[in-house]
Amino acid sequence: MPIFALMFGMSLRFVSDSALRRGRSPWKAVGRRMIALLAIGLLHSLVYPGEVLKEYAVAGLLMLPIALKAPRLLVAALGVVGTMASYAWAGSNMINVPGLFLLGAAAVAYGLPAYLEHPGRRLLAAAVALAVATVLALIAQTHEGGGPRFGYVGGIAGGVQAMLYICLMALACSCRIRKPLIAFFEPLGRTALTCYASASLIVAPIGLALHWKDSRDVAPLLAVAALVLVVQSTAARLWLKHFRYGLLEWAWRCLTWWTLVDIRRPAAAGG
């Protein structure tokens, strides 16, 4: 969830920068994007009541003036303080989202995505430090009791692990296993919203049939999750051979730019 929120914050800056390059108003483009996300979230909640897109849309609208107009140092400072304060106060909670949004926007402003494409030793050192912190946090989490996701210590442990995951994925994508990782995850990334919503249509009926609500056994859940990822990655790769965007990505893009975008992939020359 922290990674999800961080990436949405990054998208605020990506879209606003794209609007400026097009000579369009970033306020209107990002505003429409968040309103469209709210509508998608409301529809998706009919299938998955626990989804977070509605809250993300509202948080995005509230953080928009800061993300677009404040100096990047102030955006970063507010993101760090807001995130740390929210985790210190409530662990993992929806109040983490505004701070994480600002951190994501600041990360783009400071060029973090480009750095993660070619990470250096500092990222490796950060990964080692976060790995140690993760072990300590997980040990502390075991003494808390209850569901770790909604506990105070468990929430903090989840935030630390999220940072570790980002570092490890960036490091993995900078070595020899980059190609298979990109081959598997890139189609999922390019159709992320479609995959997110369609996963609910697959998993919700399976969960009802297997009575997951009354079970604490995570093995069936992990098995279904792995299967869904493989199926979605394969389906997305086949889809993207013929189309430029996933279905929901296309609709979201049309609403963001308030124009009908061609979804079809141009035919190869001589094809």
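Leaving out residues up to four places away in sequence, Leu61 touches Gly31, Met34 and Ile35. That is a handy place to start looking around this predicted model. Leu61 itself sits in helix H3. Its partner Met34 is 27 residues away along the chain, yet the two C-alpha atoms are 6.5 Å apart. Is Leu61 buried, exposed or partly exposed? Its relative accessibility is 35%, which lies between the 20% and 50% cut-offs, so Leu61 counts as partly exposed.

**How H2 and H3 pack**

Two packed helices are described by the angle between their axes and the distance between the axes. For H2 and H3, the axes come within 7 Å and cross at roughly 170°. Angles over 145 degrees count as roughly antiparallel, and H2 and H3 are therefore roughly antiparallel to each other. The crossing of H2 past H3 is right-handed.

If you would like to trace the contact on screen, the residues on the H2 side include Trp27, Val30, Gly31, Met34, Ile35 and Leu38. Across from them, H3 contributes residues including Tyr56, Ala57, Gly60, Leu61, Leu64 and Leu68. By type, the residues of this contact comprise 16 nonpolar, three polar and two charged.

**The nonpolar cores**

Which residues have the most contacts inside the largest nonpolar core? They are Phe8, Leu37, Tyr56, Phe101 and Trp252, in a core of 32 residues. Helices H1 (2-22), H2 (26-44), H3 (53-69), H4 (72-90), H5 (96-109) and H12 (247-257) each give two or more residues to this core. Among these, H3 gives the most, with seven residues.

Tyr56 is a good residue to click on here. Setting aside neighbours within four places in sequence, Tyr56 is in contact with Met1, Phe4, Ala5, Phe8, Met34, Leu37, Met94, Val97 and Phe101. There is also a second, separate core of eight residues, with Leu123, Leu130, Val160 and Leu171 among them.

**Two residues side by side**

Pro220 makes a useful companion to Leu61, and its place is in helix H11 (residues 219-240). The table sets out the accessibility and one C-alpha separation for each residue.

| Residue | Relative accessibility | C-alpha separation |
|---|---|---|
| Leu61 | Leu61: 35%, partly exposed | Leu61 to Met34: 6.5 Å |
| Pro220 | Pro220: 29%, partly exposed | Pro220 to Arg22: 47 Å |

At 29% relative accessibility, Pro220 counts as partly exposed. Pro220 and Arg22 are 198 residues apart along the chain, with 47 Å between their C-alpha atoms.

Note on methods. Residues numbered from 1 in each chain as written. Predicted model: local features only at pLDDT ≥ 70, side-chain atom pairs only at ≥ 80, totals over all residues. Heavy atoms only, no water. Core = buried A, V, L, I, M, F, W, Y, C linked by side-chain atoms within 4.5 Å. Buried < 20%, exposed > 50% of the residue type's maximum accessible area, 1.4 Å probe, protein only. Helix = DSSP H or I, 4+ residues; strand = E, 2+ residues; numbered from the N terminus. Contact = heavy atoms within 4.5 Å. Axes fitted to C-alpha atoms, helices over the stretch in contact; angles between N-to-C directions. Parallel < 35°, antiparallel > 145°, perpendicular 65-115°, else oblique. Left-handed = near helix turned anticlockwise from the far one by under 90°. Nonpolar A, V, L, I, M, F, W, Y, C, P; charged D, E, K, R; others polar.
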